[in-house]
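Thanks for coming. I will go through one model this morning, starting with the protein interface and ending with the DNA.

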Number of protein chains: 2
Amino acid sequence: MQRNTPRKRANLRDVAASAGVSVATVSRVMNAPETVAKATRKKVEEAMNSLHWVPSAAARAINSGRTRFVGALVPTLDNAIFARVLASMESRLATHRLSLVVATTDNDPVQEAEKAKGLVDIGAEGLMISGVTHAPEFYSLIERSQLPTVSTSFYDPGYRLPTIGYDNAAAARTALTHLTDLGHRRIAVVHGPSASNDRTRARISGLEGHSPKPDLSFFEVQLSIAGGCEAGLAILQAADQPSAVLCLSDVLASGVLFELQRQGVSVPHEKSVIGLDDLVGSAHLFPELTTVHLPVSRMGAAAADAIASWVETQKIPEPSLLNSDLVVRASTARTGTIGGHPVARRARTDFGK
Amino acid sequence: MQRNTPRKRANLRDVAASAGVSVATVSRVMNAPETVAKATRKKVEEAMNSLHWVPSAAARAINSGRTRFVGALVPTLDNAIFARVLASMESRLATHRLSLVVATTDNDPVQEAEKAKGLVDIGAEGLMISGVTHAPEFYSLIERSQLPTVSTSFYDPGYRLPTIGYDNAAAARTALTHLTDLGHRRIAVVHGPSASNDRTRARISGLEGHSPKPDLSFFEVQLSIAGGCEAGLAILQAADQPSAVLCLSDVLASGVLFELQRQGVSVPHEKSVIGLDDLVGSAHLFPELTTVHLPVSRMGAAAADAIASWVETQKIPEPSLLNSDLVVRASTARTGTIGGHPVARRARTDFGK
DNA sequence: ATGGTTGATGAAACTGGTTACATGTGTCAA
DNA sequence: TTGACACATGTAACCAGTTTCATCAACCAT
């Protein structure tokens, strides 16, 4: 029973005519109801209802100059880390009565520039991006449009855009130090594609010049659980077996963990594994993953606040460094310690029939 | 060196004046460059640049009647399943030159209605929602605004909105049948909050009246890995130990898996575990998770297409049923079989130093 | 009765684009 | 030389709202 009337949507004038008032009065009913006489208001509201009138967002926006939404450009939604950032950003933006438009870039600066253009075209009031590397077209776009844009996932007060993030190099170093503190010297480092990801490069660079100097071997795989599995297998087939695996991301660490178990290698007894991110699930893996916590929720909220205030006050927000910290759980142990770790492979006790 | 000029953004008239042409010509340079003489075009482009002019999306929208973005209302971004749906939706929408605005509802119909209102207010051209249960205000909103809205994550051709999804009851039944086929009769069912989630309820109802009739015990926990762990522990403490655990979601299954391992219970030897969703990581867990695949990527893409076509042609799309299928992996085994499964706890072979 | 104030409403200008239509110029065939 | 026509450009109306300012009636104090 489709009503095929190519019904032209009613507009404010139609409502005004139908209610027998002026357009100004209708507008007032929307924006300042208390200034309209009760009887008049009622008439207008009835007219609105009977015409199924919904005000045009565009027409409002043209007057206020505000569209009330901002865009976020993230590499992918498949990594829980970005989902987390967006989740907290979205909820914080909501408190500023702002909505969030999401665009994924697949780590490709060209796609990023295109999607950014698309966001500007549809009227985004601000932008959130991830990482330091972007296409020249991207920079010229935000330059000419003077669009409030904050860059996240890293911290650099000297960057051309305000940054809100953590020190990736330091986070990686924290993880490495934890391993060397536990006596590990031969360490496998698992990381995602470094060519297309500056944060990965920053993390790798944080491993340089460490003292005591460890013997690092690098494994580059796709940034996914499957990639982690792949790395886990490759590590086991290497000539010199490392005593610990340092994963530059928790998803990789999860994959490594699963694969080591699959291959019968006990963690942390035979090998320690450390991650970096601290995803919500990481605390519940088996064994519970030792990792470096990255404050991504706070980062999302901070980015939301920064953009909102920039949009509202026109003042460029200060860059902000969020600290990351080591979370020691059950997947790392001192070298040479066999069976000594309290949580790992706890014997089954009194369950079962 | 902030330029504190409270610079009013340049508009089309300013550009026209600066270039010494009419507004129509400037507009043409934007929309039909080939109709403008080369020299003129150049003049105009220079004026645009020097004034840092970016056309107002709102003003464009007011003429075209199009804002070029649609909204998606999902319970949360923290569950990988919704991240997946949104990811595929976003990329498919991009092919229709549409952007995606994301709003989370936290499974709360009131929040959902509010956020929906927000999306309509900022001009969303269409909406995607999840699940069958919504607030009356929500329905009246989409009714009066006549907003193209598709409902996902379930299938019901009789629903008031077109649905694009799978049969939740059937998917759960598929999982259960797999377990009974393997000889399991005493089965623990782990699920998320049912009160606030109709899909969970549908899945539970799919378990009813099964033949052969299994002995089911239900464990309701938060829909998270932590919740799964909790359920895993609770199951082990139950009086009658089930031989299999049916999780109505893969995140729960992951948690159960981790916890069982932590407690020294071997899967699938001592207990089989089956999930429902088939998240990308599930294939790589240890042991690889047997689950029922839900075509969420296809669903996201289908929803994007449906909304796009509805917006463009004004024709209500047909509801669409996507089928789900069993994916047998390593976490389930026949009852009574000890050590017989090929993948589980394979002995460590020739690795190590 | 007069003037001042308040409250409710309307007329019209305005936002920043698009576009129908009009105008003016140059080229070419008759 | 003239008419036809294409091409480039301009004028002004238009989209759907908001907002300024004016108007007018009612009320109250003088």
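How many residues of chain A are in contact with chain B? The count is 59 residues of chain A against 59 residues of chain B, where contact means heavy atoms within 4.5 Å.

Before going on, the conventions. This is a predicted model, in which local features need pLDDT of at least 70 and side-chain atom pairs count only at pLDDT 80 or more, while totals for chains, interfaces and linings use all residues. Residues are numbered from 1 along each chain as its sequence is written, chains are lettered from A and ligands numbered from 1 in the order in which they are written, and side-chain values use heavy atoms, with hydrogens and water left out.

Back to the two protein chains. Between chain A and chain B about 5,600 Å² is buried, and carbon and sulfur atoms give 57% of that. Buried area here is the accessible area, with a 1.4 Å probe, that two parts lose on being put together, summed over both.

Side chains of opposite charge can pair when their charged atoms come close. Six salt bridges are counted between chain A and chain B; the rule asks for a side-chain nitrogen of Lys or Arg within 4 Å of a carboxyl oxygen of Asp or Glu. A:Glu288 and B:Arg262 form a salt bridge, at 3.5 Å from N to O. The interface of chain A and chain B also has 18 residue pairs in polar contact, both residues at pLDDT 80 or more. A polar contact is a pair of N or O atoms within 3.5 Å; within protein, one must be able to donate a hydrogen and the other to accept it, and residues adjacent in sequence count only if both atoms are side-chain atoms.

Which elements of chain A supply at least two residues each to the side that touches chain B? They are helix H3 (38-50), H4, H5, strand S2 (99-104), helix H6 (109-121), helix H7 (136-145), helix H10 (225-236) and helix H11 (250-262). Helices (H or I, at least four residues) and strands (E, at least two) are DSSP runs, numbered from the N terminus. By residue class, that side of chain A has 29 nonpolar, 16 polar and 14 charged residues. Ala, Val, Leu, Ile, Met, Phe, Trp, Tyr, Cys and Pro count as nonpolar, Asp, Glu, Lys and Arg as charged, and the others, Gly among them, as polar.

Next, the domains within chain A. The assignment gives domain 1 (12-51), domain 2 (68-167 + 297-323) and domain 3 (168-294), with bounds from an automatic or database domain assignment. The C-alpha centres of domain 2 and domain 3 of chain A are 28 Å apart. In chain A, 14 residues of domain 2 are in contact with 15 residues of domain 3. The area buried between domain 2 and domain 3 of chain A is about 1,200 Å², with 49% from carbon and sulfur atoms. On the domain 2 side, A:Asn107, A:Tyr166 and A:Asp167 lose the most area to domain 3, together 41% of what that side buries. The rule finds zero salt bridges across the interface of domain 2 and domain 3 of chain A, but seven residue pairs are in polar contact there.

Now the DNA. Strand C is surrounded by 28 residues, the closest being A:Arg28, A:Thr40, B:Leu12, B:Arg13 and B:Ser27; near means that a heavy atom of the residue lies within 4 Å. Of the strand C atoms within 4 Å of the protein, 52% belong to sugar or phosphate and the rest to bases. Phosphate oxygens of strand C lie 2.8 Å from a polar backbone atom of A:Ala37, 3.1 Å from a polar side-chain atom of B:Asn11 and 2.6 Å from a side-chain N or O atom of B:Ser27.

For DNA strand D, 26 residues surround it, and the closest are A:Leu12, A:Arg13, A:Ser27, B:Thr25 and B:Thr40. Sugar or phosphate accounts for 53% of the strand D atoms within 4 Å of the protein. A phosphate oxygen of strand D is 2.8 Å from a backbone N or O atom of B:Ser22, and one is 2.6 Å from a polar side-chain atom of B:Thr25. The surface near strand D divides into eleven nonpolar, eleven polar and four charged residues.
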